[in-house]
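Subject: Structure for your review

Dear colleague,

Please find below the structure that I am handing over to you. My notes on what was found in it follow directly after.

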Amino acid sequence: MFRTLTRPMTIAAAGSAVAALTLTACGTGADNTAANTPLATSSAASSTSTSSPASSSTSTSSSSTTSSSTSSPASSSTTSSSSTSAATRSAATQVARSQDRPTFKTVTQTRPVAFDTVRKTDSTLARGTTKITQAGVAGSERVTLTQTVVNGKVTKQVVTKRETVSAPVSKILVVGTKAASTPSATASPTTSTATSTGSTAGLDTRRSAMWDRIAQCESGGNWSINTGNGYYGGLQFAFASWVGAGGTKYAPRADLATRAQQITIANKLYDQMGLRPWGCAHAA
C-alpha cells in the first residue's frame, strides 16, 4: 500500500529515488558488485582520458619554450658580430682619412750663395788669354722653408724667408784683347780659369729664368757647388744624369761646367722627362 505524499518532490530527488529502487530490484551481493564495477572503470578511464591532453599540451609547451630559449644566443651572437664589424670598418676609415690629411712643417737651412764673375778686358794680354785677379768666394744665407707633408713624405716646400749670413765675394776675370803678333803668341792661354772645356758650341739657354729659379731653390743659386751629397752644380745634377745627357762634352761633372752649359743639359733632360728629375720643380 502506498502512502500519499504530502510534500511535492523535486525532479532531481525523484530521479535519485527511482534509480535506487531500480538497483535494489536488479539484485544484491556479487551480482550487484559486478554491476557497479563497470561504472567505476568507466569513470577512471574518463578521468585518465581527460588528463592526457593537458599533459601533452604541457610537454609541447615545454618543448616550444626550450626551442625558443636555445635559439636566442645564436641571434644575439649574430647581432654582436655585426656591430663589431661595423665599428672596425669605421675605425679603419677614420685612420685612413687621418693619414691622408696634410701637415705643415717649418725647416731652417743654411745654404751657400754663389759669387758673381766680373769680366774685365786687358789690352796688354794676348787675345784668348785670361787671368784671375781676385778669387771668388761663396757666401751663405739662412733659408726658412715651409714643407707640406702627406703620409710622412714631403710633397711640397716653399721658401718663406731668407737671411744673409755672409756676402759672397765676386771673382774678377781679366780677358786679354791684344792682337796676336805671331802664331806662337797665342798658342796657349797663360791662365786657365775653369776645368770645363769652355765650349760654346750648341749651347741651349732656353728657359734661363726658370732654371735660375730652380737653381736658387736647389743650390742657393751656386752653379759651381759640390757639397759631397752626390749632386753637383746649380741644378744639382746626379752624376749619372749628367753623363747620360752628354754633359761630359763640357765638363766631367756639372759643378765644373758653366751656367750656360748646365742649362743646356737641363733643357735636354727637360725635353725628355719634363721637370720630374728636380725636387724643386715647384719653383719653376
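A residue counts as buried when its relative accessible area is under 20%, and as partly exposed when the value falls between that limit and 50%. Please bear in mind throughout that this is a predicted model.

With that cut-off, W211 is buried, because its relative accessibility is 0%. Y270, at 26% relative accessibility, counts as partly exposed.

The helix pair

These two residues belong to two helices that pack against each other, α3 (residues 208–219) and α5 (residues 259–273). Two packed helices are described by the angle between their axes and the distance between the axes. Here the angle is about 100° and the axes are 11 Å apart. α3 is therefore roughly perpendicular to α5. On the α3 side, the contact is made by S208, M210, W211 and D212; on the α5 side, R259, I263, A266, N267 and Y270 take part. Sorted by class, this contact has five nonpolar, two polar and two charged residues.

The aromatic residues

The whole structure contains four aromatic pairs. One of them is formed by W211 and Y270, in an edge-to-face arrangement with 6.1 Å from centre to centre and 90° between the planes. Since W211 lies in α3 and Y270 in α5, the pair ties together parts that are 59 residues apart in sequence. F237 and W242 also form an edge-to-face pair, because their ring planes stand at 65°, with the centres 5.2 Å apart. Both partners are buried: F237 has a relative accessible area of 3%, and W242 has one of 0%. Together with W278, the residues W211, F237, W242 and Y270 form one aromatic cluster.

The sheet

Strands of a sheet pair through backbone hydrogen bonds, either parallel or antiparallel. In this model, an open sheet of three strands has the order β1-β4-β5, and the pairing is antiparallel. The edges are occupied by β1 (103–113) and β5 (153–166); each has a single partner strand, so one side of each is left without a neighbour in the sheet. On average, neighbouring strands are turned by 20° against each other, direction ignored. β4 (residues 139–150) pairs with β5 over eleven bridges, and V143 has R162 of β5 as its bridge partner.

Finally, helix α3 also meets the sheet: α3 lies across β1, β4 and β5 and runs at about 95° to β1.

Yours sincerely

Key: Residues are numbered from 1 along each chain as its sequence is written. This is a predicted model: local features need pLDDT of at least 70, side-chain atom pairs count only at pLDDT 80 or more; totals for chains, interfaces and linings use all residues. Side-chain values use heavy atoms; hydrogens and water are left out. Axes are lines fitted to C-alpha atoms, for helices over the stretch in contact, and angles run from 0 to 180 degrees between N-to-C directions. Helices (H or I, at least four residues) and strands (E, at least two) are DSSP runs, numbered from the N terminus. Angles under 35 degrees count as roughly parallel, over 145 as roughly antiparallel, 65 to 115 as roughly perpendicular and the rest as oblique. Contact means heavy atoms within 4.5 Å. Ala, Val, Leu, Ile, Met, Phe, Trp, Tyr, Cys and Pro count as nonpolar, Asp, Glu, Lys and Arg as charged, and the others, Gly among them, as polar. Rings of Phe, Tyr and Trp (its six-membered ring) pair if their centres lie within 6.5 Å; planes under 30 degrees apart count as stacked, over 60 as edge-to-face and the rest as tilted. Buried means under 20% relative accessible area, exposed over 50%, partly exposed in between (1.4 Å probe, protein chains only). Two strands pair if DSSP finds at least two bridges between them.
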